[in-house]
Every structure is written in structure tokens, then in C-alpha cells.
Amino acid sequence: MKLKTLSFALLSLLTAALASAKTIELLNVSYDPTRELYVDFNKAFAAHWKAKTGDDLTVKQSHGGSGKQARSVIDGLQADVVTLALSADVDALNAQAKLIPPDWQKRLPENSAPYTSTIVLLVRKGNPKGIKDWSDLAKPGIAVITPNPKTSGGARWNYLAAWGYALKQPGGNEEKAKQFVSAIFKNVPVLDSGARGSTTTFTEREIGDVLITWENEAFLALKAIEHGSDRFEIVVPSLSILAEPTVSVVDKVVKKKGTEAVAKAYLEYLYSDEGQEIAGKNFYRPRNAAVAAKYAGVFPKLQLLTIDADFGGWTKAQKTHFADGGVFDQIYLAK
Amino acid sequence: MAGNVSTLAYVAKHRQRRSLGDPRWMRFTLIGAALLFAGLFLVVPLAAVFTEALRKGWGAYFAAFADKDAQAAIRLTFLAAGIAVPLNLVFGLAASWAIAKFDFRGKSLLISLIELPFAISPVISGLVYVLLFGAQGWLGHYLAAEHPLFPWLQQWLIARDLHIIFAVPGIVLATIFVTFPFVARELIPLMQAQGKDEELAALTLGATGWQTFRRVTLPNVKWGLFYGVVLCNARAMGEFGAVSVVSGHIRGETNTIPLHVEILYNEYNTQAAFAVASLLTLLALVTLVLKNLVEWRHRRALEAAAASDIRQFAT
């Protein structure tokens, strides 16, 4: 009798689990710092979609280091859309599993990057170590926090920004840049797998003198952490990199699930006025000129390198720096 | 003369006690160090969990559980434990019965296999399932193969669109794997110590195999079994590493309680993270109480059995 009730309870639990999986929904697999952005955006888009079609829509979110998330989608995580930190990670879905066509980046405006950001430095209030620019990070005795470029997209932007800074210095060349970046990595006590992990290492565990991070992540830390603006401050370096997080529909998944239309509309809505407004509010730099002008006061103006003009595009940068045996491995393994 | 002997004996006894015992300061230092250690590593963190969870009052504490994603995480954790624990109870009981009561070839190999999950890092256990069932793993390659071994099986699997990793089945599988040894590890030494005399007696008195198992073997190990189940359940609900690898971290769908705690912490929502963590802490406390209760009952049962043996012997 008892066994019967128990197995009945188990069975009903199981069917409940299976039934709830059948409701139509989108899964957005994203990188680490976009949690708050997509909570806001998903609400806005669900309302928009309801008004347009009458359908109820829930968008589920999954977050982690950008490279790790791409790996999960390649391994079978059923993402309808990916919104990752850089195009190389989205490219991997094509290169390694043929989940998307090779020309995916041409399907949406602005190279499929609906918002941009850059890399800044976050230091403790009052800047006790007097950190002003990238060159200060290579000095001995400074503890630098950055995530692992192998798993985190933000970390790759961090790395390239530092590399670009060294190149642009008088007399800068590849060899000097390599020395400069390896001096910075000698100062890194922990490599977390994603940007948010590094932020909590710096802010909650209070390790390190400076955090290299996304501009949006730095602004959010000041806002979302208790007494954040009393405990930390942002240092804008003399030069940084234009970070372009890219988005794509995962063709193979949406075709199977029959969610192609809504997934496409979801990404297109990122470019709408409302979508751009939400990006601006969450400290991402909007692409739309009118919305960008509105938020011009928020974002500091600084010289920005671009991945295409200064590093020959992500495919090349990925291969040179972050592939197995690449420059990062040479630097880090020699540490 | 007699008085002398007893005085000598008294002095000797006390000398012995003093020389056997440690000096007073040493005893106090040792006890103090042990208490300090227990306080620092057990009581302080425990208290910290609850103070942080209740920092914003009871309202905020319960609000953390009212959240839809938190409830989904709690449901999923109970589902995974609800499947893993009964299965491991049956597997563990069957395996330890076979190992303790029978002799066969490959017995030590079987014991090693049962203990395997203890020896492997949980992250590796999770990765094994990704390699087996991932889209780039064996199952994925089989589904994508143009000339598969059994075309009907491939068709059936594709039509069912069954997902194992990054879905509930993967989480259940990973939980079963990491909690596999708990029941068996508890029962094997117990059953081996009890030996098979009682079973043999039951068989000679004409009991069937099933009767022997149900009336003799099972009652003898019931407290050990219960203890194993309690430990198994605690681990099933608290497992992080293996589940994290196969979860895919979809909020409200494939996050268990430990994963949800990590997410809340990463979203700077420290109070809610500790509130949900306090649930796991409470579970640990309940486990501890149950464990002590079981040990106490078990010892009493043993003492009662010994006493009745002595009485029987006396009469």
C-alpha cells in the first residue's frame, strides 16, 4: 500500500515535469554579465509579442562564461538564440557543429552586434594603488583580477585591450606587447571562468587591487552591490577596445522546435527603440544614434581600437592568441 | 597485613591513574583547541548562514522562496533526490547482500566499481555524461550517422526528441551516479560483521530465500540501511559539481537548489542566496539529528540483544 502511494507520487511528479517541458518558450543562452539586461528585455519583448500575436511567451535564460556557453550549445543545449560576448564564440557554432550558416553575421544589422561596450578598470574607492592606465597593471605588487580567456569572452576583450595599448605605445611592437601582457598576467592571482565570477572575486571576496572588466559590468557593480559606489570606482584607461557582443538565431534548434519566427523577432527587437533604450539603461552602449545621444552623458569618451581594423578580425585574433598553443598559452604556461 | 596490602593497592591504583592521565593543563589545552576548531569551522559558518539569510527580516527571507525560479529549483532537487535515493536504496541493498552473503569471482572488482564515484571528481562524473549523451558525444554521433547500426532505433530516438544532458534526465543520472556508493558502503561492513549464520539457520528451518531475506537479513540491517538512505539523500540534494556540468543552467528549468544559490550570489543577491542556502543547511541539521537518533536506537538494540543473550545463557 505504502509502496503504491509512493510510486504514484513519483509518477505524478514525473508527468508534471514532462508536461511543463511542453509549453512553448524560447531559450536565450548568453554570457555572464547580461543577466540583468535580459531580465528587462525579456519582459519588454514578451509584452510586445503578446500585443502583436496574442501568444504568451516566456524566455528562459542561461548565463556563464561566453566560451563555455558556446561549448554547451555545441554539446546539445537547446538554445533558440545565443547572445554571446564576441563573434568568435558564435562562429564556433558554425565551425564545430554546423548549427548556423557561415554567413550568420550578415543576417542582422551592425554585424549582428545590437549593442557595444568597452573594457574599463574597477578599483577600490579612493584608488589606493594609484592605478590610472594599463601600464600600472604590469607593475610588480599590483594584484589584477580578470577571468580566463579560454572560457570567458570578456577576458579575451580584456587581453586584447591590454595588447592593443602596448602596441600603440611609442616603439610598440608584437614582442613588447607580449612582454607587457605577460607582466599583467603574472599579477593575476585567480582566473575565474566568467566575468561575473571575477567581479564577485573582486567585490565580495575582496581579492585584488584592480578588476579588468566590461564597462557595463563595472557600472552595474557600482549600482547593484550594496554601497557599491562607496566602495569602488571606475578608472577609464587612455585607450581601450570596442567590444561587440554578437547575437544569432540557432537555426538547427529553431527549425526543430518550430520557433524560427519568434526567435528572429526577438533578436530584431534588440535593435528597436525600446530594445536600444533597455540596453542603454543597463549600461550597454546603444547602436541607434538617437538613443545613444540620450545616454551620451553616461559613457566616457575614449579612443577605441576595433577588432577588425587593429587585430584583423576575430578569426585571426582567436587563432593567434587563444587557440591551444597560442600566445596566451605561451604566456600563461610560462608563468 | 591485610590493611597494608589494601593501602599499597590504593597508592598503586592512584599512581597508575596519574601516570596514565595527562596533566591538567594539557587536557584543558587539548579540549580548548578542539572546541575552538569545532566553533570556527562548524558553528560560526552555520550561524553566518542564518544571520545573513535573516539580515533583512523574515519577510525578505520568505520572499526568496516565493520566487518562481527558486520554487522550480526546489522541485527539481526533490525530483532528482526522489528518483535517485529509492533506486540507490534498491541497488545498494542488492549489491551489499550479494557481496556480504555470497562468495563469487570478481567480488573485489564489484566493490571497487561501487566505490568508483567516491574516487572520481564530481566534475568528471558530469563530463562523462556530456561525452556519452552530448550532441558531439556517442549518442549525438549515433543520431547524426548516415548508416547507423539499427536504423529503426535511430528513427525512434529522433522522433522522440529525447534530451538527456542539459535536461532533467541528465541531472537525475548525475545525481544517481554520485550518490551510488552511500547505501552499499553503509551496509557491506555491517552485513559482513553479522555473518551468514542466521540466514543459514533460517534456511535449515525451511524458510525460502525471499523469506530469509525479508525476515532475517532486512531486520538485522534496517538501521544501517536507514542511515545510508539519510546520507544518500543529503548528498543527492546538495550535489553541485556533477549537476553543474550537465545542467546547462536554464533558470526555472534545470537549476537545482545548489545551482540556484550560486546564481543568486552571482547576481549580488546575497541575502536571498543565503536564505536558499539555509534550506540546505536545515537539511544537513535534520540529517545530523536523524543520524544520531539512528545510532542511539541501533546501540540500544544491540545492548538489548546482548542482554537477552546473557539471560538465555544464564537460564
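**Exercise 1. Contacts along chain B**

Task: In this predicted model, find what share of the contacts in chain B between residues at least 6 apart in sequence join residues at least 24 apart.

Solution:
- Step 1. Take the contacts in chain B between residues at least 6 apart in sequence. A contact means heavy atoms within 4.5 Å.
- Step 2. Among these, pick out the contacts that join residues at least 24 apart; they come to 73%.
- Step 3. Treat chain A in the same manner: of its contacts with a separation of 6 or more, 75% are between residues 24 or more positions apart.

**Exercise 2. Spread of each chain**

Task: Decide whether chain B is a compact globule or more spread out than one.

Solution:
- Step 1. List the secondary structure of chain B: 15 helices and 0 strands.
- Step 2. For the 315 residues of chain B the globule rule gives 20 Å, but the radius of gyration is 27 Å, well over that value, so chain B is more spread out than a compact globule.
- Step 3. Look at the box filled by the C-alpha atoms of chain B along the principal axes, roughly 100 × 65 × 30 Å.
- Step 4. Turn to chain A, which has 18 helices and 11 strands. Its radius of gyration of 21 Å agrees with the value near 20 Å for a compact globule with 335 residues. The C-alpha trace of chain A spans about 75 × 55 × 40 Å along its principal axes.

**Exercise 3. Burial and surface**

Task: State what percentage of the residues is buried in chain B and in chain A.

Solution:
- Step 1. A residue counts as buried under 20% relative accessible area.
- Step 2. In chain B, 35% of the 315 residues pass this test. In chain A, 56% of the 335 residues do.
- Step 3. Add the accessible surface. Chain B has about 18,800 Å², with 69% belonging to carbon and sulfur atoms. Chain A has about 14,100 Å², and carbon and sulfur atoms hold 58% of that area.

**Exercise 4. Domains**

Task: Describe how the two domains of chain B are placed and joined by contacts, then repeat this for chain A.

Solution:
- Step 1. Chain B is assigned domain 1 (1-53) and domain 2 (57-314).
- Step 2. The centres of these domains of chain B are 39 Å apart, and 5 residues of domain 1 touch 10 residues of domain 2.
- Step 3. In chain A, domain 1 covers 23-113 + 244-294 and domain 2 covers 117-243 + 304-333.
- Step 4. The domain centres in chain A are separated by 25 Å, with 22 residues of domain 1 in contact with 27 residues of domain 2.

How values were computed
Residues are numbered from 1 along each chain as its sequence is written. Chains are lettered from A and ligands numbered from 1 in the order in which they are written. This is a predicted model: local features need pLDDT of at least 70, side-chain atom pairs count only at pLDDT 80 or more; totals for chains, interfaces and linings use all residues. Side-chain values use heavy atoms; hydrogens and water are left out. Helices (H or I, at least four residues) and strands (E, at least two) are DSSP runs, numbered from the N terminus. The radius of gyration is taken over C-alpha atoms; the globule rule is 2.2 Å times the number of residues to the power 0.38. Buried means under 20% relative accessible area, exposed over 50%, partly exposed in between (1.4 Å probe, protein chains only). Accessible areas come from the Shrake-Rupley method with a 1.4 Å probe; for residues, only the protein chains shown count as cover. Domain bounds come from an automatic or database domain assignment.
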